[in-house]
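Thanks, everyone, for making the time this morning. I would like to take you through one model, and I will try to keep to what can be read from the coordinates and from the database record.

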Amino acid sequence: MGIEEAAPSGFLLTTLEKAVGLTRKASMWPVTFGLACCAIEMMATGTPRFDISRFGMEVFRASPRQADLMIVAGRVSQKMAPVVRQVYDQMAEPKWVISMGVCASSGGMFNNYAIVQGVDHIIPVDVYLPGCPPRPEMLLNAILTLHEQVRNEPLGVNRQEAARAAEEAAMTATPTSQMKGLLR
Ligand code: SF4
């Protein structure tokens with residue numbers, strides 16, 4: 001009798017999914033990217049006091065092609081929006097995004113024409129982190145939350161399709177006229 005018949009239904013796929021989830025969450029590298037004051041707290045997360053290297057993530061990659069996590073740390077200006085999108089597009093698949101601080105998540109106190117009112121207008125976000133600025137411990141908590149999501153993510157999900165749907169939903173909820181033409 002083969003293992004497929006002996007094992008409960010879905011056993012092999014579930015085991016493979018768990019293994020893939022574990023390796024993905026344990027091999028996450030952030031891209032070097034900071035936009036405003038929140039980035040100072042993100043940098044502090046890499047210091048020995050907070051020690052992001054406990055999770056094997058201390059190597060902030062200088063090339064998006066070697067990174068699979070973008071931490072959007074700070075407000076996104078209209079001028080920077082295409083740059084953020086280009087860096088995101090160049091990152092390796094599968095990739096994840098943490099929106100760090102109220103400015104990145106919703107524009108924060110900058111309710112004006114110069115600031116994108118939420119980075120989810122241009123890229124999909126997996127974890128929103130509140131605060132102004134969030135402390136390094138809060139960023140570590142967001143990273144652990146993301147790890148948990150990645151560990152339990154089923155295989156075969158079309159993340160690109162889900163990402164495009166999330167962008168469309170954000171744009172429909174709060175249209176940003178300057179973002180026209182940025183989405184594909
Ligand atoms: S949330 Fe606060 S600390 Fe972060 S970018 Fe905005 S103003 Fe700066």
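What follows is a short walk from the surroundings of the ligand to a pair of helices.

Please keep in mind throughout that this is a predicted model. Let me begin with the ligand, which is surrounded by Ala36, Cys37, Cys38, Gly74, Arg75, Val102, Cys103, Gly131, Cys132 and Pro133. By class, that shell divides into 7 nonpolar residues, 2 polar and 1 charged.

Turning to the record, an unreviewed UniProt entry lists Cys37, Cys38, Cys103 and Cys132 under "binding site". These four span 96 residues in sequence, yet no two of their C-alpha atoms are more than 10.0 Å apart, so they gather at one spot.

Are Cys38 and Cys132 buried or exposed? Cys38, which sits in helix H3, is buried, because its relative accessible area is 9%, and the cut-off for buried is under 20%. Beyond its neighbours within four places in sequence, Cys38 is in contact with Ala73, Gly74, Met100, Gly101, Pro133 and Pro134. Cys132, by contrast, lies in the loop between strand S3 and H6, and at 54% relative accessibility it counts as exposed; with the same kind of neighbours left aside, Cys132 is in contact with Val102 and Met109.

That brings me to the helices themselves, where the axes of H3, residues 38-45, and H6, residues 136-151, come within 8 Å and cross at roughly 75 degrees, which means that H3 is roughly perpendicular to H6. The contact is made by Glu41, Met42, Ala44 and Thr45 of H3, together with Pro136, Leu139 and Leu140 of H6, and those residues divide into 5 nonpolar, 1 polar and 1 charged.

Definitions and conventions
Residues are numbered from 1 along each chain as its sequence is written. This is a predicted model: local features need pLDDT of at least 70, side-chain atom pairs count only at pLDDT 80 or more; totals for chains, interfaces and linings use all residues. Side-chain values use heavy atoms; hydrogens and water are left out. Axes are lines fitted to C-alpha atoms, for helices over the stretch in contact, and angles run from 0 to 180 degrees between N-to-C directions. Helices (H or I, at least four residues) and strands (E, at least two) are DSSP runs, numbered from the N terminus. Angles under 35 degrees count as roughly parallel, over 145 as roughly antiparallel, 65 to 115 as roughly perpendicular and the rest as oblique. Contact means heavy atoms within 4.5 Å. Ala, Val, Leu, Ile, Met, Phe, Trp, Tyr, Cys and Pro count as nonpolar, Asp, Glu, Lys and Arg as charged, and the others, Gly among them, as polar. A residue is near a molecule or strand if one of its heavy atoms lies within 4 Å of it. UniProt positions are given in the numbering used here, feature names are shortened, and annotations may be inferred rather than shown by experiment. Buried means under 20% relative accessible area, exposed over 50%, partly exposed in between (1.4 Å probe, protein chains only).
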